[in-house]
Amino acid sequence: MFKISSTTLNWSISMRMFCGPVSLILALALGTVAQKLPTRDEGLFQMQIRDKAVFHDSSVMPDGAEISGYLFRDTPKRYYFVVEEDNTPLSVTITPCDAPLEWKLTLQELPEEASGEGSGEPEPLEEQKQQVTANEGTELFNYKGNDVESFISTSSPSGLYQLELLSTEKDSNFKVYGTTTPESDQPYPELPYDPRVDVTALGRTTVTLAWKPTPTGSLMGQPVQYCVVINKEHNFKSLCAAEAKMSFDDTFMAAPKPGRDFSPFDFAHFGFVPSENDFGKDRSLATNRALSNKLSRSYSPKPKTGDIQKLFIGNKNIFTVSDLKPDTQYYFDVFAVNSATNTSTAYVGTFARTKEEARQKTVELKDGKMSDVFVKRKGSKFLRFAPVSSHQRVTLFVHACLDTVQVQVRRDGKLLLSQNVEGVRQFQLRGKAKAKYLIRVRGSRKGASTLKILASTRASSKQPFPSLPEDTRIKAFDKLRTCSSVTVAWLGTQERNKFCVYRREVAEGYGEEQRRREQNQCAGPETRRKSEKVLCKYFYSPNLQKAVTTETITGLEAGKSYLLDVYVVGHSGHSVKYQSKLVKTRKYC
């Protein structure tokens, strides 16, 4: 397909800087000893690419290999190749990555004296230049857009072909593939007759996708795997477009590789501005924008790569995407990737919105009435309080029965309170006529939570729970421990309350972890067996320093472990349990 002279190619690079692309066209076309470069042999092709003396000009298009390129905005890039024989099949495919491209393919017929088979001396440079510039060539194909597009011809004439690409929106990556044997080449995985990606199952955090397998893998036996891309913005028409989006950073651009992705026109990006006369001859696709507009590039903020996921899933054609957000629209693309050549083909992508979170029922609180609330681990519960009469304040009582919970209160949407609550707490909220209060309780990460909540607008509303000391532990006296009794003490308050003591024999291996799981302060004496009751008594002290009471519990067995609980019961009948105490009688006395 692409026959050029290696000696002429070296000469063309030096002339290109001075004479423009016309010299390159002549250098490619007027070789005296033509050879195929690069070779179709993959190993030799890779070796030649690394050898700068053989292959150091990015304007040469290889036959049967996909190459990557980089375009600066408003700066065209050209590739050249020679077709020696008439009636040669030809296929050229362009894959835009970052932005829409304008590209066209033209045919420049070779002068008879300058064919690859000629053996005469090339004409003087000025005469060659006049011959080529007198004929601008025949335009075979042109396209503008961001689709993967191809030019395919079953019978192409011999001549010098020029591929010109331009990006007018922003700097952009792209891929080019050309071949003279399109029937035998299979560069890209083939799509099935139905190339659509289907959504087969939809959940709140998961979406299941399915698609028909590519014939390239199932029938032709080529190594094909699938790549799934997920994002929240739009579908991608090529895998390189998704990859470019993931790595896009205009502020700190990766410099193109010298010699392969660079051309003299690109120096304008770094401040080396050629004269307008030089540019005027070389921008057949570029518009005559002001030079200042060309240099002033618009930079976009770098997108969060976490917003795009790229997953290689092997050769399976059913896949479930997990860890998605509820009630969120996602776009899904599937690409068949040839593992040997790293080329890919895009299926027709799809999109779907995950299901909403199940709406929780809001609990209605009645003025002055206690409500029991259960919250799942790391879950939330909503309560609504809408006083009927006008009010100046709202008193909110909260009793967290297990672990600490978070309580938030909003009045007509305005946040009034956000605190972590442990044990019994009381809050005073400023009222407002016809106001409505939304209370959100968020559970603990350790486990499920239970709590009691009471809201009241009455100015004379009393504390529904009994008053508690700061320390609700039970103290056991080791020296007073016998084989049949233990002596314990606990703190009281200045308010006269009823205290009830319960005991329960536990197994020898009963530990603190089991005790903590059973530490539900809201479970009152009514949940205990009558046989476990020890006694009930009233106690208080005007002097907090002396608000301590002791009790000796008798009738125990030697060497046994017991769990002791003290309940304090308020005037309204609601009780709060002190922290349980594990004791053990002496085995020998």
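This note goes through the aromatic pairs and the disulfides of a predicted model.

1. Aromatic pairs overall. The structure holds 15 aromatic pairs. Two of them are described in the next points, followed by a ring cluster and a charge placed over a ring.

2. F81 and Y161. The ring centres of F81 and Y161 are 5.1 Å apart and the planes meet at 5°, so this pair is stacked. The two residues come from distant parts of the chain: F81 belongs to strand β4 (residues 77–83) and Y161 to strand β9 (residues 159–166), with the two positions 80 residues apart. Both F81 and Y161 are buried.

3. W103 and F141. Here the ring centres lie 5.2 Å apart, and the planes are at 45°, so the pair of W103 and F141 is tilted. This pair also links distant parts of the chain, with W103 in strand β6 (residues 101–108) and F141 in strand β7 (residues 138–145), 38 residues apart. The two partners differ in exposure: W103 has 2% relative accessibility and counts as buried, whereas F141, at 22%, is partly exposed.

4. Ring cluster and charge. W490, F499, F539 and Y578 are linked into a cluster by ring pairs. R496 sits over the face of Y538, 4.2 Å from the ring centre.

5. Disulfide count and pairing. The model has 4 disulfides. With the bonded cysteines of the protein chain numbered in sequence order, the pairing reads 1-2, 3-6, 4-8, 5-7. Three of the links are taken up below.

6. C97 and C240. The sulfur atoms of C97 and C240 are 2.0 Å apart and form a disulfide. The torsion about the S-S bond of C97 and C240 is about -100°, so this disulfide is left-handed. The link spans distant parts of the chain: C97 is in the loop between β5 (88–96) and β6, and C240 is in helix α6 (residues 239–247), 143 residues apart. Both cysteines, C97 and C240, are buried.

7. C483 and C589. A disulfide joins these two cysteines, with an S to S distance of 1.6 Å. The link of C483 and C589 is right-handed, with 115° about the S-S bond. C483 lies in the loop between β26 (475–476) and β27 (486–491), while C589 is in the segment after β33 (581–584); the two are 106 residues apart, in distant parts of the chain. C483, at 15% relative accessibility, counts as buried. Its partner C589 is exposed, with a relative accessible area of 76%.

8. C500 and C536. This disulfide has its sulfur atoms 2.0 Å apart. The torsion about the S-S bond of C500 and C536 is about 110°, so the link is right-handed. C500 is in strand β28 (residues 497–506) and C536 in strand β29 (residues 533–539); these are distant parts of the chain, 36 residues apart. C500 counts as buried at 3% relative accessibility, and C536 counts as partly exposed at 29%.

9. C227. One further cysteine can be noted for its burial: C227 has 0% relative accessibility and counts as buried.

Methods: Residues numbered from 1 in each chain as written. Predicted model: local features only at pLDDT ≥ 70, side-chain atom pairs only at ≥ 80, totals over all residues. Heavy atoms only, no water. Phe/Tyr/Trp six-rings, centres within 6.5 Å; stacked < 30°, edge-to-face > 60°. Helix = DSSP H or I, 4+ residues; strand = E, 2+ residues; numbered from the N terminus. Buried < 20%, exposed > 50% of the residue type's maximum accessible area, 1.4 Å probe, protein only. Lys NZ or Arg CZ within 6 Å of the ring centre and 35° of its normal. Disulfide = S-S within 2.5 Å.
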